[in-house]
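Reader: I would like a close look at a single part of this assembly, treated carefully and with the surroundings brought in where they help. Here is what I am working from.

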4 protein chains.
Amino acid sequence: MIAQTPPMGWNSWDCYGAAVTEDIVRKNADYMAKNLKPFGWEYIVVDIQWYQPTAVNHAYIPFAELTMDEFGRLQPAPERFPSAADGQGFKPLAEYIHSLGLKFGIHIMRGLPRMAAHRHLPIAGGDFRCDEAANPNSVCAWNPDMYGTFADKPAARAWYDSIFRQYAEWGVDYVKCDDIAREYPHCKREIEVISEACRGCGREIVLSLSPGPAPLEQAEHLKRYANLWRITDDFWDDWKLLKGMFERAEKWCIHAAPGHWPDADMLPIGALRQCENPSEWTHFSMPELRTMMTLWCVMRSPLMIGAEMTKLDPASLALLTNADVLALLWGTSGAHPLTTTDEESVWVTRSTETNALYVALFNLSDSPKTVSVDGYSLQCDTHEAKELWSGRQEVFSDRLGV
Amino acid sequence: MIAQTPPMGWNSWDCYGAAVTEDIVRKNADYMAKNLKPFGWEYIVVDIQWYQPTAVNHAYIPFAELTMDEFGRLQPAPERFPSAADGQGFKPLAEYIHSLGLKFGIHIMRGLPRMAAHRHLPIAGGDFRCDEAANPNSVCAWNPDMYGTFADKPAARAWYDSIFRQYAEWGVDYVKCDDIAREYPHCKREIEVISEACRGCGREIVLSLSPGPAPLEQAEHLKRYANLWRITDDFWDDWKLLKGMFERAEKWCIHAAPGHWPDADMLPIGALRQCENPSEWTHFSMPELRTMMTLWCVMRSPLMIGAEMTKLDPASLALLTNADVLALLWGTSGAHPLTTTDEESVWVTRSTETNALYVALFNLSDSPKTVSVDGYSLQCDTHEAKELWSGRQEVFSDRLGV
Amino acid sequence: MIAQTPPMGWNSWDCYGAAVTEDIVRKNADYMAKNLKPFGWEYIVVDIQWYQPTAVNHAYIPFAELTMDEFGRLQPAPERFPSAADGQGFKPLAEYIHSLGLKFGIHIMRGLPRMAAHRHLPIAGGDFRCDEAANPNSVCAWNPDMYGTFADKPAARAWYDSIFRQYAEWGVDYVKCDDIAREYPHCKREIEVISEACRGCGREIVLSLSPGPAPLEQAEHLKRYANLWRITDDFWDDWKLLKGMFERAEKWCIHAAPGHWPDADMLPIGALRQCENPSEWTHFSMPELRTMMTLWCVMRSPLMIGAEMTKLDPASLALLTNADVLALLWGTSGAHPLTTTDEESVWVTRSTETNALYVALFNLSDSPKTVSVDGYSLQCDTHEAKELWSGRQEVFSDRLGV
Amino acid sequence: MIAQTPPMGWNSWDCYGAAVTEDIVRKNADYMAKNLKPFGWEYIVVDIQWYQPTAVNHAYIPFAELTMDEFGRLQPAPERFPSAADGQGFKPLAEYIHSLGLKFGIHIMRGLPRMAAHRHLPIAGGDFRCDEAANPNSVCAWNPDMYGTFADKPAARAWYDSIFRQYAEWGVDYVKCDDIAREYPHCKREIEVISEACRGCGREIVLSLSPGPAPLEQAEHLKRYANLWRITDDFWDDWKLLKGMFERAEKWCIHAAPGHWPDADMLPIGALRQCENPSEWTHFSMPELRTMMTLWCVMRSPLMIGAEMTKLDPASLALLTNADVLALLWGTSGAHPLTTTDEESVWVTRSTETNALYVALFNLSDSPKTVSVDGYSLQCDTHEAKELWSGRQEVFSDRLGV
């Protein structure tokens with residue numbers, strides 16, 4: 001069973017945009033295997049446009065020539081992923097990552113390459129052509145590469161089967177499918193077809209849907225057809241976005257459960273935007289990063305590190321390797337806010353094993369303040385607590401606060 | 001501390017509309033004291049228009065002469081509440097109910113009697129007149145008796161202080177304030193003023209706001225200023241309304257906590273609408289009633305019996321006195337749905353004392369079916385369960401189902 | 001046939017609010033008879049709350065005691081209209097105004113006095129009581145005096161018949177009914193009942209509906225049941241409101257025709273707001289006033305002077321007595337804008353008698369500029385024109401401009 | 001000056017969809033020159049996809065190979081337009097049509113061919129490439145051929161200049177630009193660029209924008225940048241669409257003036273849909289056709305015949321050649337409805353030369369009825385009229401009716 005707990009890993013988007021290379025991926029995988037794996041981190045995900053030979057940063061170049069095979073299936077550009085030469089695809093890189101005891105993921109856009117349709121390429125393993133699956137009127141609003149499909153056509157299912165079969169052969173463990181999670185209702189059927197192709201491909205692959213915000217009223221559909229789905233548009237190192245996540249977390253918290261996880265997006269921590277500027281560092285302060293990690297863990301969001309990991313400093317690394325905090329991901333349920341105002345928020349959840357109560361106290365105001373809660377509201381008689389970030393044992397009387 | 005757990009009681013609306021009499025109230029209180037009190041039931045609430053001498057059913061008579069004192073405060077009509085004669089108000093009735101070990105509640109409309117404003121009556125205990133507090137442009141859409149107030153005016157606060165002081169003197173324990181819970185934003189300030197008058201009146205009085213649906217985005221305001229608030233319009237014995245409650249319960253479930261409870265409205269069980277027809281009985285079937293009781297208890301809604309209780313049959317009484325089920329109201333937290341479709345719903349919650357997991361399985365379809373859930377989704381290893389309505393111990397293998 | 005051309009007159013609102021007196025009305029009628037009548041001005045209209053003894057300015061006093069007869073019909077307050085004493089109503093004043101060769105109008109609110117319903121007064125000439133006609137849940141948002149009616153009840157028709165019969169007896173020629181023109185859809189039926197009562201009262205009475213904006217999609221309903229209706233909320237001496245009228249005029253222009261006229265509201269010219277400050281004068285500059293008069297005349301809006309007329313200066317009087325401009329009201333049709341931008345507007349219309357083309361050129365910008373139009377756009381070959389405000393004959397070549 | 005009166009002509013869409021051929025165009029031009037030209041008909045317009053070699057009916061084939069030159073400019077497919085071979089384009093056909101004393105028009109889609117962008121073709125006469133002008137995220141919702149442009153880029157202006165220069169060289173007199181009139185606000189700037197390219201191309205070309213409904217609030221923008229624009233989606237021979245046109249005509253009527261005309265779309269008369277079925281005939285009855293012609297003429301809509309003209313029967317031909325009715329297009333102004341209900345509509349307009357009043361009486365109900373209007377509403381004293389369809393002189397007393 002996949003995604004029994006929220007996936008934890010690294011994704012190349014925040015630090016390398018559309019331009020990550022094999023060398024960078026391998027180095028980050030090495031780092032994870034050595035420093036983070038013991039704490040549960042396991043996915044290495046290559047984000048968008050690994051098939052675009054000339055990508056250099058977070059921007060997309062319209063009408064670029066994409067690397068594809070004779071069936072229209074996008075292939076890693078050998079210019080950037082040398083091991084993909086000679087039709088090897090991501091197989092060599094996936095094997096390397098598996099050899100480290102980690103798992104390998106990729107990003108895809110829904111649909112098929114525009115040129116595959118214009119060239120009338122055949123779909124692998126079937127009797128269909130790409131132009132029969134492609135919907136010429138369905139294009140992504142922010143990326144120029146693909147046409148969406150006529151999801152009800154057998155040709156569309158054949159297309160998705162053909163790519164997921166290849167991903168299974170490559171050894172892919174995780175697919176982040178983009179331009180789809182907020183595209184209800186017109187992509188509702190396409191989500192189902194992708195999900196069915198994924199589950200039928202012969203390998204256990206986690207299916208993650210982007211970008212958000214996915215619509216709350218589609219929660220049951222998302223839970224049925226995906227393992228994770230984004231609840232926001234791209235999250236970056238900006239306090240307004242972080243503060244806004246509390247409202248989204250509140251709306252979605254009851255939908256987190258084994259197999260399906262509302263996704264608050266990546267963790268913009270450490271060295272980011274390396275293509276634009278190799279000395280770039282997250283704009284988040286340490287209290288903001290701690291707020292982020294606490295919220296993501298208490299709500300049981302998937303965790304995807306945005307940093308160039310080899311540059312992580314000790315303080316950031318410590319945030320990512322606090323076993324007491326990460327335990328929230330694995331052994332709790334029923335997380336929800338007790339209260340959230342413009343100034344503060346209090347969340348609670350419980351251990352499924354010990355019945356221990358977890359309380360998360362957040363200061364959402366612009367200045368230092370003590371946030372507290374009384375035992376009465378917590379339905380809790382004990383007067384002892386452990387502060388998880390510091391590890392301090394504390395005794396409190398009327399109110400629990402930080 | 002009041003409303004530490006969801007209030008449980010009886011309310012006269014479903015069986016007597018605007019026309020309940022003292023004699024009926026006393027007989028129902030007697031019944032509750034004898035049969036229901038041991039299971040936690042305690043409130044006896046007199047609903048709308050106890051001040052209207054000529055009310056005969058659920059309808060309101062426009063421009064009726066309402067019983068009021070020289071300060072415009074509404075008084076129980078002696079024609080219907082004989083013990084209220086000679087300015088005694090609800091004091092004798094409250095004392096009687098207290099003598100049974102129960103608590104006493106009343107219904108009020110926000111605002112003040114229209115005639116009190118037109119007659120320029122003084123407000124008790126202050127320097128203001130009713131016409132200074134009344135807002136002539138604020139009237140209830142469905143009841144003809146009152147004007148709302150200019151809540152920011154000192155006269156409005158004086159008015160509400162004057163009535164809550166009287167309720168405290170009478171010995172009122174619970175006030176259901178109507179025409180207000182869904183009247184955001186124009187009544188937001190009025191809710192605050194009423195809440196402050198209630199909390200400052202010198203007696204602990206539970207404050208309940210009606211009618212629903214209260215707006216979800218006002219959850220924090222409601223939690224701060226009220227003890228309970230309606231999440232729906234009037235709930236009656238109609239399957240469509242019951243089925244629709246699952247969506248509302250899902251939206252509101254995270255906001256149930258000590259001191260503040262989302263309210264799914266009354267329990268239309270047993271003998272209802274007695275003024276219209278003394279042989280009227282709930283249209284709900286026994287499975288529907290069990291569905292209702294299960295949902296209300298798992299979500300921790302307040303419970304207000306709608307029946308003429310003296311006519312309760314053994315099966316209905318059993319539904320109201322299952323200690324295992326009622327225990328959900330007192331010792332659980334974190335209730336939320338795992339899944340809700342058009343066909344079925346599964347809710348879970350946990351005991352705050354034993355860490356026991358409660359699972360509620362609902363068939364929402366129109367035909368019999370088994371609803372089940374696997375242990376994996378429940379994050380639960382045990383294979384033993386107790387079916388609370390029947391009391392049966394059960395062992396299950398892969399899936400827990402009914 | 002009434003309202004064959006747009007009514008022209010004076011209304012007490014702009015200068016005296018709710019507080020005009022008989023003496024003032026008579027003096028303004030005298031002035032009109034002497035100075036304005038030859039130019040087509042004929043209506044003298046007493047605006048809101050002539051039945052309120054204590055009104056002193058534009059404000060309404062909640063819960064005031066209104067002057068009414070034993071049937072709930074409002075009567076002129078003798079404190080302000082001495083000739084109304086002894087049940088004479090407006091008959092003496094109307095006779096005086098008729099003696100000057102003018103016509104007499106009054107303002108009413110839809111519905112009936114609240115106290116008439118609370119007192120259960122009988123309706124004149126029928127078998128109904130006021131509390132049977134009144135809708136206790138229908139109150140005006142800005143005035144505290146009345147309840148709307150249940151328009152479908154025979155009691156409501158009886159009520160409106162009773163008041164219009166009285167207006168006919170008094171000699172009323174024009175009724176401005178308020179709180180109704182923008183109150184679609186809930187007042188749609190009430191408009192019909194009022195219209196039927198008006199047309200069946202035995203006297204020709206122009207029916208004017210306020211306040212605006214009336215909804216454009218109800219144009220056909222308004223044309224059928226009223227003679228004029230407001231297309232804006234209250235219009236005052238504010239350039240933003242005047243500029244905004246161009247858009248409204250454009251939307252409504254095709255609906256102006258004999259018997260039914262979209263109404264751009266009063267002309268705030270000369271001495272205004274006399275209760276608040278006897279030296280108050282319109283904030284409009286002379287070019288703004290000319291813009292206003294030109295637009296109102298070309299679109300054929302009713303014209304109601306807002307000034308205390310006895311204080312009119314020669315320049316303002318000249319604006320109101322330019323026969324060439326006022327001729328637009330009587331002998332044109334098909335007025336519409338050729339173009340309207342943020343900077344300028346050009347309207348055209350034609351004489352129904354001579355086929356002469358009228359062109360109105362408006363500067364809507366904040367600085368002086370020439371606004372012009374070419375003969376081609378006008379479908380016009382002639383090169384001669386008369387500037388109506390100055391009376392100058394002009395010859396133009398390519399473009400007609402001012 | 002172009003489009004001084006509403007253009008009149010023939011368009012190939014209704015009868016041949018995307019599949020018209022040169023032979024058909026020539027035969028229809030011959031017919032028009034002989035039978036319709038004396039009545040003012042002059043435009044022969046080749047509708048969509050003249051560059052698609054394999055089009056066979058009203059449907060579009062995704063990813064078809066379009067005929068284009070080395071600069072990405074679409075060319076008439078020689079398979080269908082033989083005279084276009086050897087790079088002649090539409091020049092020979094335009095010359096033939098001009099030789100008949102008629103004018104020649106073509107349909108275009110906004111933007112440029114998708115393949116021109118994917119192939120990185122140069123733009124004629126400039127320093128830009130098609131992929132620099134094309135917006136890969138802007139595609140038509142119903143046709144698969146083109147990408148829209150980044151209208152603010154110089155490359156976009158260069159593109160439109162390049163095609164309009166070619167149209168001028170071909171001798172095109174009329175361009176119907178599609179996928180744009182209702183695409184506000186995102187195509188607002190593109191409309192301006194197209195308009196500027198059209199007006200700067202060195203030849204007078206009427207610019208017509210499709211499809212509708214264009215937004216009413218953009219009337220001034222449309223009047224400034226286009227000569228005609230569609231006020232509805234495609235109009236076909238369906239009574240519901242015809243009845244619905246009355247509301248649209250009412251909204252737009254004041255915006256018809258020399259140089260800019262609200263366009264009610266084609267006249268589906270006679271033999272239609274010839275590719276699908278050569279014996280197809282309009283579903284409109286003769287009264288419906290007369291209703292259509294009357295409304296289009298009184299509102300001064302452009303007139304574009306949809307029929308295969310060589311099959312016109314005498315009755316249809318008579319509808320198209322009634323000089324009295326067509327005179328409405330040329331010598332009237334100020335058309336507007338007096339009244340429009342669900343049952344009937346009355347429009348009026350006036351001759352700009354004789355001041356004659358035109359009255360159009362429409363029965364919009366489902367059964368025969370007399371529609372009439374009184375002289376009072378018409379502001380008209382005469383009692384004589386001519387019924388234009390029959391030519392009968394009539395005398396009426398109180399009411400004018402048919």
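How many residue pairs are in polar contact across the interface of chain B and chain A? Please take that interface as the part to examine, and set it beside the other contact that chain A makes.

Author: The model is predicted, and with that in mind, the rule finds 18 residue pairs in polar contact across the interface of chain B and chain A, where both residues of a pair have pLDDT 80 or more. The count of salt bridges between chain B and chain A, by contrast, is 0.

The elements behind this surface can be named. On the side of chain B that touches chain A, helix 8 (219-225), strand 12 (332-340), strand 13 (344-351) and helix 13 (375-378) of chain B each supply at least two residues. Strand 12 of chain B gives the most to that side, with 8 residues. By class, the residues of the side of chain B that touches chain A divide into 11 nonpolar, 15 polar and 6 charged, and although charged residues are present there, the number of salt bridges between chain B and chain A is, again, 0.

As to extent, 32 residues of chain B are in contact with 32 residues of chain A, and the area buried between the two chains is about 2400 Å², of which carbon and sulfur atoms give 49%. Within the share that chain B buries against chain A, I254(B), Y376(B) and Q379(B) supply 31%, more than any other three residues.

The geometry of the pair can be stated as one operation: a rotation of 180 degrees, with 0.1 Å of shift along its axis, superposes chain B on chain A with an RMSD of 0.0 Å. The same surface serves both copies, since 100% of the contact residues of chain B recur in chain A.

Chain A also meets chain D, and this second contact is a useful companion to the part you asked about. It takes 18 residues from chain A and 18 residues from chain D, and the area buried between these chains is about 1600 Å², of which carbon and sulfur atoms give 63%. On the side of chain A, F63(A), H118(A) and N137(A) supply 45% of the area that this chain buries against chain D, more than any other three residues. Across the interface of chain A and chain D the rule finds 0 salt bridges, while 10 residue pairs, with both residues at pLDDT 80 or more, are in polar contact there. The elements that give two or more residues to the side of chain A that touches chain D are helix 4 (114-118) and strand 5 (134-139) of chain A. By class, that side of chain A has 12 nonpolar, 4 polar and 2 charged residues.

For chain A and chain D the superposition takes a rotation of 180 degrees with 0.0 Å of shift along its axis, at an RMSD of 0.0 Å. The two copies are thus related as by a two-fold rotation axis. Here too the same surface serves both copies, with 100% of the contact residues of chain A recurring in chain D. Of the residues of chain A, V139(A) comes closest to this rotation axis, its C-alpha lying at 3.8 Å.

Other pairings of chains give no interface to examine. Chain A and chain C do not touch, and their nearest C-alpha atoms are 32 Å apart; chain B and chain D do not touch either, with their nearest C-alpha atoms 32 Å apart.

Chain A itself, which takes part in both of the interfaces described, has secondary structure that comes to 13 helices and 18 strands. Its radius of gyration is 22 Å, close to the 21 Å that the globule rule gives for 402 residues, so chain A is as compact as a globular protein of that length. Along its principal axes the C-alpha trace of chain A spans about 75 × 40 × 35 Å.

Although the salt bridge count is 0 between chain B and chain A, a search of the whole structure finds 100 salt bridges over all chains. In chain A, K27(A) forms a salt bridge with D23(A), the closest N and O atoms being 2.9 Å apart. Being 4 residues apart in helix 2 (residues 22-36) of chain A, K27(A) and D23(A) are separated by about one helical turn.

Note on methods:
Residues numbered from 1 in each chain as written. Chains lettered and ligands numbered in written order. Predicted model: local features only at pLDDT ≥ 70, side-chain atom pairs only at ≥ 80, totals over all residues. Heavy atoms only, no water. Contact = heavy atoms within 4.5 Å. Buried area = accessible area lost by both parts, 1.4 Å probe. Salt bridge = Lys/Arg side-chain N within 4 Å of Asp/Glu carboxyl O. Polar contact = N/O pair within 3.5 Å; in protein donor to acceptor, adjacent residues only side chain to side chain. Nonpolar A, V, L, I, M, F, W, Y, C, P; charged D, E, K, R; others polar. Least-squares fit on C-alpha atoms with pLDDT ≥ 70 in both. Rg over C-alpha atoms; globule rule 2.2 N^0.38 Å.
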